[in-house]
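User: Please take a close look at the aromatic pairs in this structure and the interior around them. Explain it as one connected account for someone new to reading structures.

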Amino acid sequence: MARWGMVINLNKCIGCYGCMVACKQEHYLPPKIFWGRVLVSEAGKFPSVKKLIYPVLCNHCKDAACVNVCPTGASIKREDGIVIIDYDKCVGCRYCVMACPYQQRTFYGDDSTQYFPGQGFTEWEMIGKELFPLQEGTVVKCTFCAERIDAGIKRGLKPGVDRNATPACVNACPAKARYFGDLDDPESEIARLVSERKAFQLGPEFGTNPSVYYIIR
C-alpha cells in the first residue's frame, strides 16, 4: 500500500496563491474556509530583508494527533496515509482543532454564509453543496484530494504522475513547486527528493511525522 505525501520546493514557490484558489475551486469551499494557505513573512533588516513564503496544508501525519484525540472515531487515517473526516460521526467538539499542532483544521459553524450576502447562493455554491457537501457543526480540512486519487487509481492512473489522479493544488502550481507521490516507494520522485534534497518536515518536535515535506534548494 502506498503512503501518499507531498514535497514543496520553497525556492520555486512564488507566493501566487494559485494553490489556495485551486483548492477552493476543486472543493467548492464556502467563504472563509481554506484547506490550504500561503503564509508570507519577512526576515532581516533593510537592506537585507528576505521574504519568506510557506505554503501549508494538512500534513496527513503518520502519527496524527487529531486522530488520536477524536472521541467518536470521526477522524480516520486511511491505509494510504490520508487523514479524512467522517462528517456523520463528527460531533464538532473541536478536540482535533486544538490537538493539531499545525492549525490546519477549521470548524464549519455556519452553512448559510454566502459569497454575496443577501443575494442568495450563486449557481457555483449550489453545485458545491451537491458535489462536495460540508456539514454544519463539523470540522473540515484538506483531504489531499482523496476523491481524485481514488477515482484515478480505479482508472489505472498514477497519483503524482497523471493529473487526473493528483491533488488540485499540485496541478495548479505554475512554478511546479509541488510534487506528489508515494513516500514508501524509493523509486518515486518525491521519495528521491526527500532523500537526496535534504527535505524537512515542519515542527518535527511535535513527533507527528508529517507526510508533507519542504525543500529549499
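Analyst:
**Aromatic pairs and the interior**

Tyrosine 102 has a relative accessible area of 11%, so it counts as buried, since buried means under 20%. This value, like the others here, is computed from a predicted model.

The count of aromatic pairs comes to eight. In one of them, tyrosine 102 meets phenylalanine 206 edge-to-face, with 5.5 Å centre to centre and 85 degrees between the planes. Distant parts of the chain are linked by this pair: tyrosine 102 sits in the loop between α3 (95-99) and β6 (106-108), phenylalanine 206 sits in the loop between α7 (189-196) and β9, and the two are 104 residues apart. Phenylalanine 206 is partly exposed, because its relative accessibility is 42%, and partly exposed covers the range between under 20% and over 50%.

Another edge-to-face pair joins phenylalanine 144 and phenylalanine 180, at 5.1 Å centre to centre and 90 degrees between the planes. This pair also links distant parts of the chain, 36 residues apart: phenylalanine 144 lies in the loop between β7 and α5, and phenylalanine 180 lies in strand β8 (residues 178-182). Phenylalanine 144 is at 1% relative accessibility, so it is buried. Phenylalanine 180 is buried as well, because its relative accessibility is 5%. Elsewhere, one aromatic cluster is formed by Tyr28, Tyr115, Trp124 and Phe132.

Phe144 leads on to the largest nonpolar core, which has 46 residues; Met6, Trp35 and Phe144 touch the most other members. Two or more residues of this core come from each of β1 (4-9), α1 (18-27), β3 (50-57), β5 (83-85), β7 (138-140), α5 (146-154), α6 (168-172) and β9 (212-215). Leaving out residues up to four places away in sequence, methionine 6 touches Phe144 and Phe180, the two rings of the second pair described above, and its other contacts include Leu57, Cys169, Arg178, Ile190 and Tyr213. Ile190 and Tyr213 belong to a second, separate core of eight residues, which also includes Leu193 and Ala199.

The interior also holds empty space. Rolling a probe the size of a water molecule over the atoms is what shows where such space is left. There are four cavities of 30 Å³ or more, and the largest cavity contains about 130 Å³. Of its 17 lining residues, Cys23, Leu57, Cys142, Cys169 and Arg178 are the closest to the centre. Leu57, Cys169 and Arg178 were named above as contacts of methionine 6. Elements that give two or more residues to this lining are α1, β2 (36-43), β3 and α6. The largest share, four residues, comes from α1. By type, the lining of the largest cavity has 12 nonpolar, three polar and two charged residues.

The largest pocket has a volume of about 290 Å³. It is lined by 15 residues, and the closest to its centre are Trp35, Ile85, Tyr87, Phe132 and Thr143. Two names recur here: Trp35 is among the members of the largest core that touch the most others, and Phe132 is part of the aromatic cluster. Both β5 and α5 give two or more residues to the pocket lining. That lining divides into 10 nonpolar, two polar and three charged residues.

Terms used:
Residues numbered from 1 in each chain as written. Predicted model: local features only at pLDDT ≥ 70, side-chain atom pairs only at ≥ 80, totals over all residues. Heavy atoms only, no water. Core = buried A, V, L, I, M, F, W, Y, C linked by side-chain atoms within 4.5 Å. Buried < 20%, exposed > 50% of the residue type's maximum accessible area, 1.4 Å probe, protein only. Contact = heavy atoms within 4.5 Å. 1 Å grid on protein atoms, 1.4 Å probe; cavity = no way out; pocket = protein on both sides within 12 Å on 5 of 7 lines; lining within 4 Å. Points joined across faces, edges and corners; volume = space filled by probe spheres on them. Nonpolar A, V, L, I, M, F, W, Y, C, P; charged D, E, K, R; others polar. Phe/Tyr/Trp six-rings, centres within 6.5 Å; stacked < 30°, edge-to-face > 60°.
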